[in-house]
Every structure is written in C-alpha cells, then in structure tokens.
Amino acid sequence: MDRNGLPGARGLAGGSTAGPPDHARAAPAGGTGPDDGTRATRVGGAAPPRRVRMRAPRRAAAVAATAVLLGGALTAAGPAAAGASPAAGRTPPPVPGCSAPYRVTGKLAGGTTWRMCWHYDSSAGLVLDDVSYQPRGEARPIRVLTSAKLAQVHVPYDDGQAEYDDLTGFGFGYGLQNLKPEECPGGTIRSVKVPDTGAVDGLCVTTRSRGHAYRMAKDDGTGVWHEEGRDLLLYTVNKVSWYEYITEWRFSSDGTVSANVGATGSLSPGDYDAGDGRGWPIGKGAADYAVSHSHNVFWRLNFGLDGGAGDRIEQYDSAVTPPPAQGSPTTRTTRTPVTRELAGDAADMRWWRVVSAKGRNTDGHARSWEIVPGPTAKHAGRPYTRHDVYFTQNRACEQFASNNTLDCGPSAPDSVDGWVNGETLANPVVWVHIGFHHIARDEDQQPMPVHWQGFQLAPRDVTAMNPLTPADLADQNGAPPTGS
Ligand SMILES: [Cu+2]
C-alpha cells in the first residue's frame, strides 16, 4: 500500500472521497487537513512523511476552508493549529436550551428515571449535559453530571510513523454516521445538526436489558426476589478514516453509568506494511502485516453533584499485611482527600470517588460516585497517556486531553498533564483515560468486530439502599433478618 496516500482501489470506493491525498497529515507544511498543522506544532515542521490514512472524512477539506473563512474561529483547523495565529482558538460552544429534541428522559423498569440534555460538538461529538438520576422513592431528580463527553481518541502507531488525535485532529465530529432504524431497536433516532454537514440521523436513544439486576432466594424457600436490569442507552457512530467509533453511554436502573467506546469498521489496509518490524499477519501466509497501534481514549466529566459546585475527590488505598504464623492476612484501607490537582495512577486496591459537597442520602451519608475503570493498557509514549485519571480545576478552555484546540493563552499547555499544576480543586473536572493496544488478528477482517474500552460510575451512598429494593425488603436497611 502506498504510504503517500495515492488512492488505492478501496480508497476511492463509493465516491465519498475527495480524491487526492485527502488527508494532508503527511504534508510537511501548508496542508489542508485539520490535523496536520497540529502535528507540525508538536513534532516539528520537519517531520518525516508519515502514514496517511486514506478515505479520510471528506469533511476535512470543508472544515479547513470554513476555518479560513472565519479566521480560525470555528475550529482549530489549518492556520490556527499550525501556529500562524497562536491566539486563535474557538470558544466553547454554548449549550443549547434543552428543548424537546435535545431532551432525553428514560423511565426504566424498577422505577428509575434518568434525565439529560444533549448537544453536538464538532470535535467531541455527542455531549451530555445536566444528567440527573431519580430512583423510585426520591422526590426530586439527583443531579449527577453537568457535562460528560469524549475528550480525545489518541492513536499512536507502534512504528512511530503515525500518531492521530482523532477528535481534534482528524474530524471525528464531522464523521457522524446516519443510523438505520434497525440499528436502534426499540428506540428513536434523533436528528443531529453537524456543522458544515447538516442534519444526520445520528443519535440512537433506546433501552436495553442487562440481565440480572439482583437475585436473592427467600430463606423459607418460598421463592426468589429477582429483577431484570434495564439500561437507557444513547449512542452515536463516528467514522474516522477506516475506523468507526461507537460512543456509548448507558444509564442503568440501579444508578450505574457506563461509558464505552467501541472501535469497528475496518483495519486500515494502508498499514499492512509491518512498519513496526513485527505487526501481525492478517492475510494468507506472511505478506500482509498490520501495524500494531494503540487507541488511548479520554473522557471529560464535570460532575456538579446535587446541582452544586465544590465536589470533593477522595482516593482510597488498601494495604494487605500477610498473615502471622497463626492467623489470617489483614487489610487496612486509608482515605486520602485529593485537594489539589492530580495525575492519578491505578494501583492494586486503589480507587477514587467524587463526593457531593451538599447531598446526603436518607442515612445521612454523603452522596458520591465511584470511578470504576475498565481494562486498560497504559501507553507511556506521551505525558498525557502516562496516567489513568486526572483531576483538574474546571476551566472552560481545557476541553481535550491532548491537542486541545481551545485558547488557554499563548504559552498554555495543550494537554491535560500540563494542567495539573498544583491548583486547589475547588470545582474539579475528572478525566478518565482507558487505553487499548491493538495487535490485529485474522478475525479483525472484515468488518472488524467491535472492541470496547470504557469505565463506569457507580453510585456510592446516593440512596440509602439498593434503588431497586422491592417493597417487602425496604425495612431491612442496616438490619437484615439474621434468622435462617
Ligand atoms: Cu485498532
């Protein structure tokens, strides 16, 4: 395959490609893609030719053109990102009023209602705003998140010949896909206004079963308490070159929030060159070697618990002491308030939670949400990929974990690691980083099975009991029956 982007047979399939090297990442200077200038900024203008993604989103050219017309105000395309106008950056898009098309209310079996607004950002894609949770028996919705969204998909190739920031550098937002009704079973597909593109039937809002919510046998053998769990599910599909990213948010009847990104679509045939010296053979024999790469996904969460500011962050660590000669091991758990900005690293028996400054459940316990990371592969290649979670003081200009395209000032860092500089966390933002090292396999073609990465937010003391507790067990808070 041609690394310089000469269109291959598939590269122009469907007529949706703009023709010539449609993504100018490899151009040493003056490229037209929204990303190339950024690359030049980061690694220097004399960067060697790099792997080129073919069949790039045709939006790339349109974005660049628009940015030029608007003096770079729309997005960090072309000149602005290239450094010609370092002060040029866009301002955060306003959150539209939450009129009916932008409102989602999910009433789930078990009596839980999730409510939220959404809007669409040309870089981040789907953004959720003002997310609240109202389990059965709660008089009012409990505010959880002020906003939640993807904050970057960073894709470095193992051979060092390509490194993409898919959200702010490769047109992620412009690649929103139309969904067919059968892709959104039982739900509705919302129309999304994508800048420069127009309306896309791109947001699926539906519900989905997740199997057992709980099960408990009655002591007297007369039956079983059991309930099926149900999730409110929102997702979009954004196409970035050969890949398609499913951005999924699940809101469960038991209060759990799950954020996942699933990568599917196709491996890039332009990368079947064993450029990393190994790769993995994915065709007959040993001719086509797919270069391995990582997908480092970041999310940005602004909590605003119970509708207020001043959320607190806490870290918990448990240390296990081996047993004495006679006896059992002991485990001691310590709580460390995180009062200043922190780049946090996962460790055995370590976890973090976000604690409400004012909300308490009916047991008098502070409401909180625990961050539960999924499996991750931490990539040591960039300062921002070296940590699993970041807590930073909220700033409107700090929106993307790497290649941040907003204007934080002429000498401000453009990635989340640089924003951790000792400030007091008066209004913390949480950045979750989950990495996946993708060593291709034969089964990745064709299409590529979805591979997922993500995390959960688990309610911790948000309600006094399981929000799905059946009525005949409601008197067992702190005092389950001991007989049996
Ligand atoms: Cu991959």
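Let's start at Val430. Setting aside residues up to four places away in sequence, Val430 touches Leu301, Phe303, Val354, Ile371, Val389 and Phe391. Please keep in mind, as we go, that this is a predicted model.

Now, where does Val430 sit in the bigger picture? Val430 belongs to the largest nonpolar core, which has 81 residues. Together with Trp431 and Val432, Val430 is among the residues with the most contacts inside that core. And which strand gives the most to this core? That would be strand E4, residues 142–156, with 8 residues.

Let me zoom out for a moment. The protein has 484 residues, and 44% of them count as buried. You can find 4 helices and 21 strands in it. If we take the contacts with a separation of 6 or more, 63% of them come from residues 24 or more positions apart.

Leu457 gives us a nice example of such a long-range pairing. Look for Leu457 in strand E21, which covers residues 448–460. Leu457 and Thr256 are 201 residues apart along the chain, yet their C-alpha atoms are separated by 5.8 Å. Leaving aside neighbours within four places in sequence, Leu457 is in contact with Thr256 and Val257, and also with Trp369, Glu370 and Ile371. You may remember Ile371, as Val430 touches that residue too. Is Leu457 buried or exposed? Leu457 counts as buried, because it has 26 C-beta neighbours inside 10 Å, and 20 or more is enough.

Next, the annotated positions. An unreviewed UniProt entry gives the annotation "active site" to Asp166 and Tyr243. These two span 78 residues in sequence, but their C-alpha atoms are no more than 10.3 Å apart, so they gather at one spot.

Let's visit Asp166. You'll find Asp166 in helix H4, residues 166–169. Why does Asp166 count as buried? The reason is its 26 C-beta neighbours inside 10 Å. Not counting residues up to four places away in sequence, Asp166 touches Val153, Val155, Phe172 and Val240. Val153 and Val155 fall within the residue range of strand E4, the one we met with the core.

And then Tyr243, which is in strand E9, residues 243–252. For this residue, the unreviewed UniProt entry also lists "modified residue: 2',4',5'-topaquinone". Tyr243 is buried as well, because 23 other C-beta atoms lie within 10 Å. Which residues does Tyr243 touch, not counting those up to four places away in sequence? Those are Ala263 and Gly265.

So far I have shown you buried residues, so let me finish with a contrast. Strand E15, residues 330–338, is hardly covered: among its 9 residues, the count of buried ones is 0. Strand E15 does have a partner, though. Strand E14, residues 312–321, is joined to E15 by 9 bridges, and the two run antiparallel. If you want a place to look on screen, find Ser318, which stands opposite Thr333 in E15.

That's my tour, and thanks for listening!

Key: Residues numbered from 1 in each chain as written. Predicted model: local features only at pLDDT ≥ 70, side-chain atom pairs only at ≥ 80, totals over all residues. Buried ≥ 20, exposed ≤ 12 C-beta atoms within 10 Å, placed from the backbone. Contact = placed C-beta atoms within 7 Å. UniProt positions renumbered as here; feature names shortened; annotations may be inferred. Pairing = 2+ DSSP bridges. Core = buried A, V, L, I, M, F, W, Y, C linked by C-beta atoms within 7 Å.
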